[in-house]
Amino acid sequence: MLAAIGSTPYKIVLLLHILSAIVAFAPAMVWPIINVQTRKRGVTVPAEVAGQVPVNNVLVHGPALVLTGVLGILMIVMSEDVWEFSQVWISGAFLVFFALLGVLFGLLVPAERKAATGDADAVRKVSMFGGFVHTLLLVMLYLMIFKPGL
């Protein structure tokens with residue numbers, strides 16, 4: 001055991017885990033609202049801004065998602081007397097984590113790149129894939145809060 005749950009090192013890793021999750025998921029919550037608001041007003045997001053969204057996902061938000069997962073694994077290792085990788089909620093969290101990575105890098109970012117060029121079909125896909133991210137985030141939070149299988 002590296003650090004007990006509640007110890008200062010564990011709390012620091014938990015803090016970083018939560019902070020990286022906020023950085024990872026902030027655009028998934030903000031961009032859909034901006035897109036709806038601009039469409040309702042008949043305004044389009046400038047191409048420079050729309051083109052920066054997938055870049056930010058690759059350079060900032062995606063790595064933050066990866067860091068969130070790494071820190072989550074570290075928290076399990078640090079508290080091996082309480083949490084084990086074989087527990088149902090942790091196995092489920094791994095599955096959801098890899099699904100999130102797949103949706104972000106395999107579906108959402110490519111769709112955002114096409115949407116930035118004005119592809120209307122890609123704009124609809126961005127909304128759909130964003131919904132996938134929201135759903136997976138909700139499932140992940142459920143797993144971490146309720147810890148089914150304990």
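This note goes through the fold, the helices, the salt bridges and the surface of the structure above.

1. Basis. The model is predicted, and local features are reported at pLDDT of at least 70, side-chain atom pairs at pLDDT 80 or more, and totals for chains, interfaces and linings over all residues. Residues are numbered from 1 along each chain as its sequence is written, and side-chain values use heavy atoms, with hydrogens and water left out.

2. Overall fold. The protein has 4 helices and 0 strands, in the order α-α-α-α along the sequence. Helices (H or I, at least four residues) and strands (E, at least two) are DSSP runs numbered from the N terminus. The C-alpha trace spans about 55 × 25 × 25 Å along its principal axes. Of the contacts with a separation of 6 or more, 74% are between residues 24 or more positions apart; contact means heavy atoms within 4.5 Å.

3. Burial and surface. Of the 150 residues, 37% count as buried. Buried stands for under 20% relative accessible area, exposed for over 50%, and partly exposed for values in between (1.4 Å probe, protein chains only). The accessible surface comes to about 8700 Å², and 73% of this belongs to carbon and sulfur atoms. Areas come from the Shrake-Rupley method with a 1.4 Å probe; for residues, only the protein chains shown count as cover.

4. Helix α1. The end C-alpha atoms of α1 are 48 Å apart, in agreement with the 48 Å expected for 33 residues at 1.5 Å a residue; the expected span is 1.5 Å times one less than the number of residues. α1 nevertheless bends by about 40° at F25, with the proline P27 following within four residues. The bend is the angle between axes fitted to the seven residues ending at a residue and the seven starting there. Among the buried residues of α1 are Y10, H17, F25 and P27, and the buried set packs against α2, α3 (88-116) and α4 (120-146). After α1 comes G42, with a positive phi near 75°.

5. Helix α4. For α4, 27 residues at 1.5 Å each should span 39 Å, and the end C-alpha atoms are 39 Å apart, which agrees. Its buried residues include V126, F129, G130, L137 and M140. They pack against α1 and α3.

6. Salt bridges. The structure holds 2 salt bridges, each defined as a side-chain nitrogen of Lys or Arg within 4 Å of a carboxyl oxygen of Asp or Glu. R124 pairs with D121, the closest N and O atoms being 3.5 Å apart; the two are 3 residues apart in α4, about one helical turn. K125 also bridges to D121, at 3.6 Å from N to O. The shared partner joins D121, R124 and K125 into one network. R124 is exposed at 55% relative accessibility, whereas D121 and K125 are partly exposed.

7. Nonpolar patch. I12, L16, L19, V23, V55, V58, L59, V60, V66, L67, V70 and F105 make a nonpolar surface patch of about 940 Å². Patches take residues with over 30% relative accessible area and no salt bridge, joining like charges within 9 Å and nonpolar side chains (Val, Leu, Ile, Met, Phe, Trp, Tyr) within 5 Å. α1 (8-40) and α2 (47-78) each supply at least two of the residues, and α2 gives the most, with 7. L59, in α2, is exposed at 61% relative accessible area.

8. Loop between α2 and α3. E80 lies in this loop and is partly exposed at 46% relative accessibility. E80 and A4 are 76 residues apart in sequence, with their C-alpha atoms 8.7 Å apart.
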